[in-house]
Amino acid sequence: MTSQNKLARREDIPETAKWHLNDIFATHDDWQTARDAIEGQLTEIKQFAGKLSDPQQLLDCLTKVDTMEINLCAVFAYARMMADTDTANQSYQADTASCLPLLDQASAACAFIEPELLSLPEETLRTMADKLPGLKKYQFRFQDLLRGKEHVLTTEQEAFLARTGEIRATARNTYTVMTNADMKFPDTLGEDGKLTTLSESRYMQFIRSKDGKVRADAFHKLFTTYLSFRNTFASLYSSSVKASQFISTTRHYPSMLEAALDAGNIPVSVYEQTINVTHEFLPELHRYMELKKKLLGVKELHMYDLYVPVVEKPKTPYTYDEARTILKEALAPLGGQYLKDLFTGLDGGWVDRLENEGKRSGAYSWGVYGVHPFVLMSWHDTYDAVSTLAHEMGHSMHSFYSAKNQEYTNSEYTIFCAEVASTTNENLLLEYMLKHADEKDRLYYLNLYLEQIRTTVFRQVLFAEFEKLTHEAVEAGEALTADNLEGIWMDLNRKYYGEDVVLDDELRAEWSRIPHFYRPFYVYQYATGYAAAMTLSEKVRTQGEPAQKAYLSFLASGGSDYSIKLLQNAGVDMTSREPFAITFKKFSHCLDQLEKIIK
Ligand SMILES: [Zn+2]
């Protein structure tokens, strides 16, 4: 490493580029005091057990829970973010580790609340919030508890079920240990012609190589390794699906899909429609594959060719100051107040921007209720960094407006809505770049749009359909063998990618590479979140003030109602086919433009 690219030490980073964690706790002593107070807070909460039928006692209990959770979240966030700025610092690591048992203790201390509320007569809980004005803010939570009541078992059965939790997690845990620790990959050909030991993270670099031999070699080696464990993977996945089936039948759900979606009150029709609308537009994905084949100039297009950049990255470097100007213009459709608040955050210690020795890589946004959100990233003068900043600030603004407008109990947005605000910002930025780029760079941004939709929508919907088919197979009494799983996987790939893509035999192992399959019916939310964001960004760009207002009130709504309802209020109906139709129309439009430029 030369002295030029040696990373700065944390203490040499200018204060203006660091986040202000002392907005959470002014000193480490204050953090320690807050941390040490939690155990006492938990003891106080436990004393309310058996008293919740009294509205005043209930209010006091829930108020104490909120205060404790706000404190615990701040304590944990502070310790973890300190540790992320300098992962080699042992005392930061120890602080973070000291919070982990508190998280478990807190959920154990509060575990009596929901069963006790559900043991009250329905009418009592339904009208609880009318009895005391202070309880009004919990109305949605009470209502949601009642909605799920028919799937809650007796106290004794619930305790029994909770004890099976660790056993049910065996397949997932084994999968994680096996793929992260035990599986070893062979050496593969690098771009320099030398052999390098393959790993999952290196694979992601190799399949972006311009050298087709490098891509092919990495692909064959990686997938052959997975194939050598095909029966083990089939058995693990099958056990995981059966664990879900155990829960869904015990809780009296008609299907595993229904059980999974019920947590967020998402209708099964939303899931089914996502798949069906995507099917309608598969010919457009096929058209993209045909074009990609032309752009890459290859005789055969293999799955391992899809990640190679077909267009050079724009040469223009963007300094942080230039990025600010770009964001100001690109996000202008969100209105003056949004921009004002965003820049107050950028200048007010929300963002930890520069790389330093020992700082965690990657990027995230973390909202701390009662303080403000925080963003961690590693700035480079590239478009990717501008886009990351737009994305993470999208999350942060969502947290900021939710916290500002909602009581703590209603402030947290759901996973279903989590990527909406970030992707809306990313899309607005992309539209701005497309409008202002020269022809060569436009090609790059068009391709970026297409790749986003391919990987976040088409690919994730393929995953979602795989999950649906495999879970249905188990429900129909069929066994999930390696042969069955591979068959389903290959059929779906043929259907989604079309005839222009060569499906190498080893591709049948790909399903076993996806860790998300151990979180049932989760991935479809990448696609729905993207479609919602695409719809919202199109609306604020083209419909002006009413759409802007609706969008800002969505950001302010936090978790105050069901996701579907909150998005409906913002003008996006996820129960209709519109959001996906708008997304795929954008895909077609980008494809048309790309074809035109190439001609
Ligand atoms: Zn995100």
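Colleague: What relative accessible area does Lys221 have?
Modeller: Heads up: this is a predicted model, where local features need pLDDT of at least 70 and side-chain atom pairs count only at pLDDT 80 or more, while totals for chains, interfaces and linings use all residues. Residues are numbered from 1 along each chain as its sequence is written, and side-chain values use heavy atoms, with hydrogens and water left out. Buried means under 20% relative accessible area, exposed over 50%, and partly exposed in between (1.4 Å probe, protein chains only). Lys221 is partly exposed because its relative accessible area is 25%.

Colleague: Which residue forms a salt bridge with Lys221?
Modeller: Side chains of opposite charge can pair when their charged atoms come close. A salt bridge here is a side-chain nitrogen of Lys or Arg within 4 Å of a carboxyl oxygen of Asp or Glu. About one helical turn separates the two partners, because they sit 4 residues apart in helix 12 (residues 212–227); helices (H or I, at least four residues) are DSSP runs numbered from the N terminus. With the closest N and O atoms 3.0 Å apart, Lys221's partner is Asp217.

Colleague: Arg324 and Asp347 form a salt bridge too, so to speak across the chain; how many residues apart are they?
Modeller: Their closest N and O atoms are 2.9 Å apart. The pair links distant parts of the chain, with Arg324 in helix 17 (residues 320–330) and Asp347 in helix 18 (residues 336–347), and their separation in residues is 23.

Colleague: And of Arg324 and Asp347, which one is exposed?
Modeller: Arg324 is buried, because its relative accessible area is 18%. At 53%, the exposed one is Asp347.

Colleague: At which residue does helix 1 bend?
Modeller: Helix 1 (residues 28–46) reaches 28 Å from its first C-alpha to its last, close to the 27 Å expected (1.5 Å times one less than its number of residues). A bend is the angle between axes fitted to the seven residues ending at a residue and the seven starting there. In helix 1 that angle is about 30°, at Ile38.

Colleague: What kind of arrangement do the 4 donor atoms make around the zinc ion?
Modeller: Donors are N, O and S atoms within 2.8 Å of the metal (3.2 Å for Na, K and Ca); water is not among the atoms, so sites may look incomplete. His391 (NE2), His395 (NE2) and Glu419 (OE, twice) lie 2.1 to 2.6 Å from the zinc ion. Four donors count as tetrahedral if all angles lie between 85 and 135 degrees; four count as square planar and six as octahedral if opposite donors are over 155 degrees apart and all others between 65 and 115; anything else is irregular. Here the angles run from 52 to 142°, which makes the arrangement irregular.

Terms used:
Helix = DSSP H or I, 4+ residues; strand = E, 2+ residues; numbered from the N terminus.
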